[in-house]
Amino acid sequence: MIRFGVIGTNWITESFINAALESEDFRLTAVYSRKEETAKEFGNKFNVSTTYTDLNDFTKSKEFDAVYIASPNSLHAKQAIACMDQGKHVLCEKPIASNTRELTEMIDAAKRNNVVLMEAMKSTLLPNFLAVKENLHKIGKIRRYVASYCQYSSRYDKYKEGTVLNAFKPEFSNGALMDIGIYTIYPMVVLFGKPKTLFGMAHMLESGVDGQGSILFQYDGMDASVAYSKIANSYLPSEIQGEEGTIILDTIHTPEKILIRFKDGTEEDITVPQKGQSMYYEAEEFIRRIKSGEKESSINSLTASLQTMELLEEARKQIGLVYPADQR
């Protein structure tokens, strides 16, 4: 059994814990929050009495072996490195860092301390995404990848009223690309590697982050396009187009229905059973790596995370999205 501590007491952390509790190898033993009241209140939900408000004390705790980090993006690197330097394995919410410099420092810390570091990108570990990988050969030479994830943020209403919440603050390394766009890009990198070039465009908000955007990518023999938004909804599926057929994913972030339409008009449903608690699979993958002694996931690899971050950074450069974290 792997004992976990958590950093972050939001709904994402709660969702992760509820999913991970379905694994017989997971046990929650410690909670960190900057406020004692928040830490205790969150701990009580899961019958955990060990709480911390000091990060240094938390990282040195003997109460847990691994940590799940779901704090604001700008805090990921500092907190992850502090935990790894105390021998803790780290599962860090996406995006794993603010930029490539931070991620490189995190990877160095993981290797230095001989611990597992993994980005908590759930999509690429879901059974239905793995079904896409296994059936990719059926559609012949791949010519195009098209992904869309546009979800109107409940926090945008507050933004329009004049209240800028964390989701739209550059000091937390936030915005549509980092929060939503990464769901369209990371699977592309896992499937096809890093593209040669990209062209990005975005609608910037007055707060200094992007509200939505689109990116075109160029590979040898194929291209890709992604669209993402926190200020409008889209109901379009995502596609991988090949010369012999097209794989259609109902959603790119949590694919639940996968269909192949071949050029001769026939169809094949390649959907597989999948748990409702979609974050279960990232917990299982992370725990499996710890128990096996392997230091990184073969799917959510450090290479995939670094290549994705390089693309995010280049896209941000093109659209003029700069974070305080980039200036350090």
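A salt bridge, as the term is used in these exercises, is a side-chain nitrogen of Lys or Arg within 4 Å of a carboxyl oxygen of Asp or Glu. The structure treated here is a predicted model.

**Exercise 1. Decide whether Asp179 and Lys94 form a salt bridge, and describe where the two residues sit.**

Step 1. The closest N and O atoms of Asp179 and Lys94 are 3.2 Å apart, and because the cut-off is 4 Å, the pair counts as a salt bridge.

Step 2. Asp179 belongs to helix α8 (residues 176–192), whereas Lys94 is found in the loop between β5 (89–93) and α5, so that the pair links distant parts of the chain, 85 residues apart.

Step 3. Asp179 has a relative accessible area of 26% and is partly exposed, while Lys94, with a value of 8%, is buried.

**Exercise 2. Describe how domain 1 and domain 2 meet.**

Step 1. Domain 1 is made up of 2–121 + 279–294, and domain 2 of 127–277 + 308–326; the C-alpha centres of the two domains lie 25 Å apart.

Step 2. On the side of domain 1, 23 residues are in contact with 21 residues of domain 2, and the area buried between the domains is about 1,900 Å², with carbon and sulfur atoms giving 58% of that area.

Step 3. The residues of domain 1 that lose the most area to domain 2 are Lys94, Met121 and Tyr281, which together account for 28% of what that side buries.

Step 4. Between domain 1 and domain 2 the count is two salt bridges, and 15 residue pairs are found in polar contact across the interface.

Step 5. The side of domain 1 that touches domain 2 receives two or more residues from each of α1 (11–20), α5 (100–113) and α9 (280–292), and by class that side has 11 nonpolar, seven polar and five charged residues.

**Exercise 3. Compare the settings of the salt bridges Lys40–Glu36 and Asp269–Lys257.**

Step 1. The count for the model comes to 22 salt bridges; in the one between Lys40 and Glu36, the closest N and O atoms are 3.9 Å apart.

Step 2. Lys40 and Glu36 are four residues apart in helix α2 (residues 36–45), which means that about one helical turn separates them. An α-helix has 3.6 residues a turn, so residues three or four places apart point the same way. Lys40 is partly exposed, at 38% relative accessibility.

Step 3. In the salt bridge between Asp269 and Lys257, the closest N and O atoms are 2.6 Å apart. Asp269 lies in strand β14 (residues 267–269) and Lys257 in the loop between β12 (245–249) and β13 (258–262), so this pair ties together parts that are 12 residues apart in sequence.

Step 4. Both partners of this second bridge are partly exposed, Asp269 with a relative accessible area of 41% and Lys257 at 43%.

Step 5. A further arrangement is a network of salt bridges that links Glu285, Arg288, Arg289 and Glu294.

**Exercise 4. Place Lys230 and Arg34 in the fold, and state for each whether it is buried or exposed.**

Step 1. Lys230 is found in the loop between β10 (223–229) and β11 (238–242), and its relative accessible area is 5%; because buried means under 20%, Lys230 is buried.

Step 2. The side chain of Lys230 makes a polar contact, at 2.5 Å, with the side chain of Asp179, the residue that also forms the salt bridge with Lys94.

Step 3. Leaving aside residues up to four places away in sequence, Lys230 touches several others, among them Gln151, Tyr152, Phe168, Asp179 and Ile180.

Step 4. Arg34 lies in the loop between β2 (26–32) and α2, and its relative accessible area is 66%; because exposed means over 50%, Arg34 is exposed.

Step 5. Along the chain Arg34 and Ile7 are 27 residues apart, and their C-alpha atoms are separated by 9.4 Å.

**Exercise 5. Identify the buried residues of helix α6 and the elements against which they pack.**

Step 1. Helix α6 (residues 127–135) has as its buried residues Pro127, Asn128, Phe129, Ala131, Val132 and Asn135.

Step 2. These buried residues of α6 pack against helices α8 and α9 and against strands β11, β12, β13 and β14.

Note on methods:
Residues numbered from 1 in each chain as written. Predicted model: local features only at pLDDT ≥ 70, side-chain atom pairs only at ≥ 80, totals over all residues. Heavy atoms only, no water. Domains from an automatic or database assignment. Contact = heavy atoms within 4.5 Å. Buried area = accessible area lost by both parts, 1.4 Å probe. Polar contact = N/O pair within 3.5 Å; in protein donor to acceptor, adjacent residues only side chain to side chain. Nonpolar A, V, L, I, M, F, W, Y, C, P; charged D, E, K, R; others polar. Buried < 20%, exposed > 50% of the residue type's maximum accessible area, 1.4 Å probe, protein only.
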